[in-house]
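Reader: Could you take me through one part of this model in close detail? I would enjoy a look at how the side chains pack inside, and then at whatever ring and polar contacts you can add.

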Amino acid sequence: MSTTAKVLVVEDEKELSADIVELISPICETETAFDGEQGEFLASQDVFDAIILDLMLPGESGLDLLLHIRNKGIKTPVLILTAKDTIADKLRGFNDGADDYVTKPFHREELLARMKALLKRTGHLNSSDVITLGQLAINTSKHLATFNGDPLTLKGREFDLLAYLVANPGTIITKEQIFNRLWGFDSETSLSVVEVYMSNLRKELKNAGSDLSLRTIRNAGYIVEAPDEQ
């Protein structure tokens, strides 16, 4: 698994959904939903960096989905992609919590540019491939993590776990969010795998002399902080 941004595409037209996924896959990982209920379930896990949302969906509408996740306190950036093109439609979309609004039919280049801008604006698409926190540096394109210039030996998803935490410094991330982000909703692996990987990651950071704080917040999740933030 890579450490690029992760985007949820909620679109009931499967051919169009596949086209969108193909278009944005160079800049992010994707997951798809084809109706409002499935889209809300996935969006409610709060593990995505952005959502592309159609408004006219089977079952629950896109606007209802948007209102429900905002009422749950989920702040994931949402780009509405819809055939509804009146000013009233756009204003309602923004008033209900959308971050951007693109109408169908759309130009592929414009949608890709809008997604890049949205992810950059929220810090999930870096102009550089390197994420840093204190003396820790993570090069996502080279799949390399270093502390004070020395490489860390990270196995399996330990790199992805560290990158996910470091990309969200000072933020409590739940065990469920980590599991769904790194292993996926349909994984047959148990949730306890997160604790195993977290323990291994702490040992590796300690062996490397890292003074980063990787804390467990009881009944909440995990948080990583640089020394001057503790």
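Author: Happy to, and let us start with I138. In this predicted model, once its neighbours within four places in sequence are set aside, I138 is in contact with D129, V130 and I131, with L144 and A145, and with F159, L162, A163 and V166. One of these partners, L162, stands beside I138 on another list as well: together with L165 and I178, they touch the most other members of the largest nonpolar core, which has 52 residues. Helix α6, spanning residues 158-166, supplies the largest share of that core, with 7 residues. A further core of 20 residues lies apart from this one, and its members include V9, I24, A50 and L112.

From the cores we can turn to the rings. There are 3 aromatic pairs in the structure. In one of them, F94 and Y101 are tilted, with 6.2 Å from centre to centre and 40° between the planes. That angle counts as tilted because it is neither under 30 degrees, as for stacked rings, nor over 60, as for edge-to-face ones. The two partners also differ in exposure: F94 is partly exposed at a relative accessible area of 38%, whereas Y101 is buried at 6%.

Another pair, W183 with Y197, is edge-to-face, its centres 5.2 Å apart and its planes at 75°. W183 sits in the loop between α7 (175-182) and α8 (193-207), while Y197 belongs to helix α8, so this pair ties together parts that are 14 residues apart in sequence. W183 counts as buried, because its relative accessibility of 13% falls under the 20% cut-off. With F179 added, W183 and Y197 make up one aromatic cluster.

A ring can have a charged partner too, and F34 is an example: the charged end of K14 sits over the ring of F34, at 5.0 Å from its centre.

Let me finish with a polar contact. E225 is found in strand β11, which covers residues 221-225. With a relative accessible area of 11%, E225 is buried. The side chain of E225 makes a polar contact with the side chain of R215, at 3.1 Å. So this buried glutamate, E225, has a polar partner in R215.

If you would like a place to begin on screen, go back to I138 and pick out L162 among its contacts, then look for L165 and I178, which join those two in touching the most other members of the largest core.

Terms used: Residues numbered from 1 in each chain as written. Predicted model: local features only at pLDDT ≥ 70, side-chain atom pairs only at ≥ 80, totals over all residues. Heavy atoms only, no water. Core = buried A, V, L, I, M, F, W, Y, C linked by side-chain atoms within 4.5 Å. Buried < 20%, exposed > 50% of the residue type's maximum accessible area, 1.4 Å probe, protein only. Helix = DSSP H or I, 4+ residues; strand = E, 2+ residues; numbered from the N terminus. Contact = heavy atoms within 4.5 Å. Phe/Tyr/Trp six-rings, centres within 6.5 Å; stacked < 30°, edge-to-face > 60°. Lys NZ or Arg CZ within 6 Å of the ring centre and 35° of its normal. Polar contact = N/O pair within 3.5 Å; in protein donor to acceptor, adjacent residues only side chain to side chain.
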